[in-house]
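Work through the exercises below with the sequence and the model in view. Each task is followed by a solution in steps.

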Amino acid sequence: QVQLVESGGGLVQAGGSLRLSCVASGSIFSIDAMGWYRQAPGKQRELVASISSGGGLTNYADSVKGRFAISRDNAKNTVYLQMNSLKPEDTAVYYCNADVLTRGIIRNLYWGQGTQVTVSS
């Protein structure tokens, strides 16, 4: 079994910054792509950013380009999301996911439980 646990969410004023972390643990052989998604009330879950296994390829939603940065530490099975110049429209529950190959050689996509980010105007 594999678990993903996010942390770092909270309440911040517009223009402020937050850094989200997501740690993967359990029966992990390797982790391929990792990503961050968000879901605001009444809206569908959307991709915020993703990063390849080696960290060399990243992808961002247009709405966060230039403000957010995704990174990972493979030694710690951790993915980060640095969020700068936050806006009220960034308010959402943020979820991480990871494409994991388990020690049982089963590939699956795992999700964290989510962390709330609230940006006040």
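**Exercise 1. Two loop residues**

Task: Decide whether Ile-105 is buried or exposed, and find which loop holds Ile-105.

Solution. Step 1: The relative accessibility of Ile-105 is 56%. Step 2: Buried means under 20% relative accessible area, exposed over 50%, and partly exposed in between (1.4 Å probe, protein chains only). Ile-105 therefore counts as exposed. Step 3: Ile-105 lies in the loop between β9 and β10 (107–111). Strands such as these are DSSP runs (E, at least two residues), and helices are DSSP runs too (H or I, at least four), numbered from the N terminus. Step 4: The phi of Ile-105 is near 55°, a positive value in a residue other than glycine. Most residues other than glycine have a negative phi.

This is a predicted model, in which local features need pLDDT of at least 70 and side-chain atom pairs count only at pLDDT 80 or more, while totals for chains, interfaces and linings use all residues. Residues are numbered from 1 along each chain as its sequence is written, and side-chain values use heavy atoms, with hydrogens and water left out.

Task: Treat Ser-85 in the same way: what is the phi of Ser-85, and where does Ser-85 lie?

Solution. Step 1: Ser-85 has a positive phi of about 50°, although Ser-85 is not a glycine. Step 2: The loop between β8 and β9 holds Ser-85. Step 3: With 42% relative accessibility, Ser-85 is partly exposed.

**Exercise 2. The nonpolar core**

Task: Find which residues of the largest nonpolar core touch the most other members, and which strand gives the most residues to this core.

Solution. Step 1: A nonpolar core is a set of buried Ala, Val, Leu, Ile, Met, Phe, Trp, Tyr and Cys residues joined through side-chain atoms within 4.5 Å. Step 2: The largest one has 32 residues, and Trp-36, Leu-81, Met-83 and Tyr-94 touch the most other members. Step 3: Among the elements that give two or more residues to this core are β1 (2–7), β3 (18–26), β4 (28–39), β8 (78–83) and β9 (92–102). Step 4: β9 gives the most, with five residues. In soluble globular proteins, nonpolar side chains tend to be buried together.

**Exercise 3. An open sheet**

Task: State the strand order of the open sheet of four strands, and explain why one side of β1 and of β7 is left without a neighbour in the sheet.

Solution. Step 1: Two strands pair if DSSP finds at least two bridges between them. Step 2: The order is β1-β3-β8-β7, and the pairing is antiparallel. Step 3: β1 and β7 stand at the edges with a single partner strand each, so one side of each has no neighbour in the sheet. Step 4: From one strand to the next, the twist averages 15° (axes are lines fitted to C-alpha atoms, for helices over the stretch in contact, and angles run from 0 to 180 degrees between N-to-C directions). Step 5: β1 and β3 are joined by six bridges. Val-5 has Val-23 in β3 as its bridge partner.

**Exercise 4. Strand β11 and its partners**

Task: Which residues form the covered face of β11, and which the uncovered one?

Solution. Step 1: The covered face consists of Thr-115, Val-117 and Val-119, and the uncovered face of Gln-116, Thr-118 and Ser-120. Step 2: Thr-115 is buried, with a relative accessible area of 11%, whereas Thr-118 is partly exposed, at 28%. Step 3: Strand β2 (residues 10–13) runs parallel to β11 and is joined to β11 by four bridges; Leu-11 stands opposite Thr-118. Step 4: β9 runs antiparallel to β11, with three bridges, and Val-93 stands opposite Gln-116.

Task: List the surroundings of Thr-118 and Thr-115.

Solution. Step 1: Contact means heavy atoms within 4.5 Å. Leaving aside neighbours within four places in sequence, Thr-118 is in contact with Gly-10, Leu-11, Val-12 and Thr-91. Step 2: Thr-118 and Thr-91 are 27 residues apart in sequence, yet 4.6 Å apart in space, C-alpha to C-alpha. Step 3: A polar contact is a pair of N or O atoms within 3.5 Å; within protein, one must be able to donate a hydrogen and the other to accept it, and residues adjacent in sequence count only if both atoms are side-chain atoms. One such contact, of 3.3 Å, joins the side chains of Thr-118 and Gln-116. Step 4: A polar atom of the Thr-115 side chain lies 3.3 Å from the backbone nitrogen of Gly-9. Step 5: Not counting residues up to four places away in sequence, Thr-115 touches residues including Glu-6, Gly-8, Leu-20 and Tyr-94.
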